[in-house]
Amino acid sequence: MDRGSRLLVIGDIAWDVVMRPSADLVWASDVYGRVDLLAGGSAANVAVWARRLGADTRLVGTVGDDPFGRLMREHLQREGLDRDLIGAPGRETTRIGVLIRPDGEHAFVTDHSDPLRLQAGDLPVSLLDDAGLVFLNGYAIFMAGSPEFARALLHEARRRGVGVAFDPSSFSLIRKHGGRRLLEGVGRLDVLLANEEEAAALLGVPVQAAGDDVLAPLLEFAGTVVVKRGARGAAALTREGWTHAPAHEVQVVDTTGAGDAFDAAFLVAHLAGLSMGEALARANELGARVAGRLGAQTR
């Protein structure tokens with residue numbers, strides 16, 4: 001069956017509460033800085049950037065019926081991505097605390113007190129109509145506890161010849177869940193996208209050892225393995241070997257969402273049939289652009 005051209009994105013939608021202290025935190029007291037409420041969620045970031053890049057994109061994720069949920073619906077409506085949002089009556093939309101260091105690196109505190117989990121009934125196979133690629137991230141699996149909610153949809157995608165792409169999202173949560181367990185649960189992938197720490201966690205090796213040869217066993221799980229290496233660029237591995245692309249120079253402000261923007265640009269280029277080198281170059285460019293400003297979806 002011929003693939004369509006649409007990118008179907010499945011996963012988390014959230015508000016980022018971004019904190020940029022001007023000095024070291026002072027416990028039990030105060031420090032000046034900046035606090036912003038910004039649209040986020042890893043899957044939503046991918047979908048927003050893919051659509052801004054011109055791709056026919058659908059986003060499936062859950063929002064609460066609280067004020068944050070209503071604000072998110074309005075935001076995603078403006079982005080043209082509100083069609084497939086799933087409401088959660090009486091629930092609160094996911095919030096993520098994001099603490100930004102002066103060098104732009106971040107740490108997340110995800111509110112997991114009452115996670116908005118996707119369920120199998122949220123993913124009818126009709127979502128695959130005209131889809132060329134399905135993208136799923138690790139956060140959706142970690143919130144649900146397993147990939148069972150997506151199993152039927154992914155099976156049908158593979159039967160139809162629709163590509164499946166996956167980003168495992170978080171090296172600390174991969175370690176908690178188990179790298180091989182995560183990959184085996186998702187099943188065979190067309191594209192695996194991970195940063196070095198995540199790729200190492202998937203294989204259970206130290207990140208210091210995550211060179212090309214060490215990461216090659218990931219081909220057991222994916223036809224294309226893309227490794228994001230920050231200031232050292234990115235690389236992609238297929239059966240034909242590695243393709244490397246240099247990073248784009250950027251004054252880093254906030255790395256939140258830069259990897260998601262990278263994913264979006266790479267997948268849009270992949271859907272368009274561009275070469276691996278061109279796809280990596282476009283992904284590095286957009287990732288750097290996002291890292292150079294505050295917020296994951298800031299234009």
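**Exercise 1. Describe the open sheet whose strand order is 3-2-6-7.**

Solution. In this predicted model, four strands form an open sheet in the order 3-2-6-7, and the pairing within it is mixed. The next step is to find the edges: strand 3 (33-40) and strand 7 (106-110) each pair on one side only, and they are therefore the edge strands under the rule that pairing requires at least two bridges. As for the twist, neighbouring strands of this sheet are turned against each other by 20° on average, with direction ignored. Turning to a single pairing, strand 2 (residues 14-21) runs parallel to strand 6 (residues 94-100), and the two are joined over six bridges. Within the sheet, Ala 14 stands opposite Thr 94, the latter belonging to strand 6.

**Exercise 2. Which residues line the largest cavity, and how are they divided by class?**

Solution. One begins with the count, which is one cavity of 30 Å³ or more in the structure. The space in the largest cavity comes to about 70 Å³. Its lining consists of Gly 11, Asp 12, Ile 13, Thr 62, Thr 94, Leu 116, Leu 118, Ala 140 and Met 143. Sorted by class, this lining has five nonpolar residues, three polar residues and one charged residue. Thr 94, which stands opposite Ala 14 in the sheet of the preceding exercise, is thus also one of the residues that line the largest cavity.

**Exercise 3. Characterise the second largest pocket by its volume, its lining and the elements that contribute to that lining.**

Solution. The second largest pocket holds about 260 Å³ of space. Its lining is made up of 17 residues, among which Met 19, Pro 21, Leu 25, Val 31 and Leu 99 lie nearest the centre of the pocket. When the lining is assigned to elements, strand 2, strand 3, strand 6 and strand 7 are those that give two or more residues to it. These are the strands that make up the open sheet with the order 3-2-6-7. By class, eleven of the lining residues are nonpolar, three are polar and three are charged.

**Exercise 4. For the salt bridges Glu 148 to Arg 151, Arg 232 to Glu 196 and Lys 228 to Asp 263, decide whether each partner is buried, partly exposed or exposed.**

Solution. The total for the model is 21 salt bridges, of which three are worked through here. In the salt bridge between the side chains of Glu 148 and Arg 151, the N to O distance is 2.8 Å. Glu 148 has 46% relative accessibility and therefore counts as partly exposed, and Arg 151, at 38%, likewise counts as partly exposed.

The side chains of Arg 232 and Glu 196 meet at 2.3 Å, N to O. This pair links distant parts of the chain, since Arg 232 lies in the loop between strand 11 (222-228) and strand 12 (234-238), Glu 196 lies in helix 7 (residues 196-203), and 36 residues separate them. Because its relative accessibility is 55%, Arg 232 counts as exposed, whereas Glu 196, at 12%, counts as buried.

In the third pair, the closest N and O atoms of Lys 228 and Asp 263 are 2.9 Å apart. Here too distant parts of the chain are linked, with Lys 228 in strand 11 and Asp 263 in helix 9 (residues 258-271), 35 residues apart. Both Lys 228 and Asp 263 are buried.

**Exercise 5. Which residues are joined into one network by salt bridges that share partners?**

Solution. The residues joined in this way are Asp 129, Glu 156, Arg 159 and Arg 160.

Notes. Residues are numbered from 1 along each chain as its sequence is written. This is a predicted model: local features need pLDDT of at least 70, side-chain atom pairs count only at pLDDT 80 or more; totals for chains, interfaces and linings use all residues. Side-chain values use heavy atoms; hydrogens and water are left out. A salt bridge is a side-chain nitrogen of Lys or Arg within 4 Å of a carboxyl oxygen of Asp or Glu. Buried means under 20% relative accessible area, exposed over 50%, partly exposed in between (1.4 Å probe, protein chains only). Axes are lines fitted to C-alpha atoms, for helices over the stretch in contact, and angles run from 0 to 180 degrees between N-to-C directions. On a 1 Å grid over the protein atoms alone, a cavity is a set of points where a 1.4 Å probe fits but cannot get out, and a pocket is an open set with protein on both sides within 12 Å along at least five of seven lines; lining residues have an atom within 4 Å of a point. Grid points are joined across faces, edges and corners, and a volume is the space filled by probe spheres set on the points. Ala, Val, Leu, Ile, Met, Phe, Trp, Tyr, Cys and Pro count as nonpolar, Asp, Glu, Lys and Arg as charged, and the others, Gly among them, as polar.
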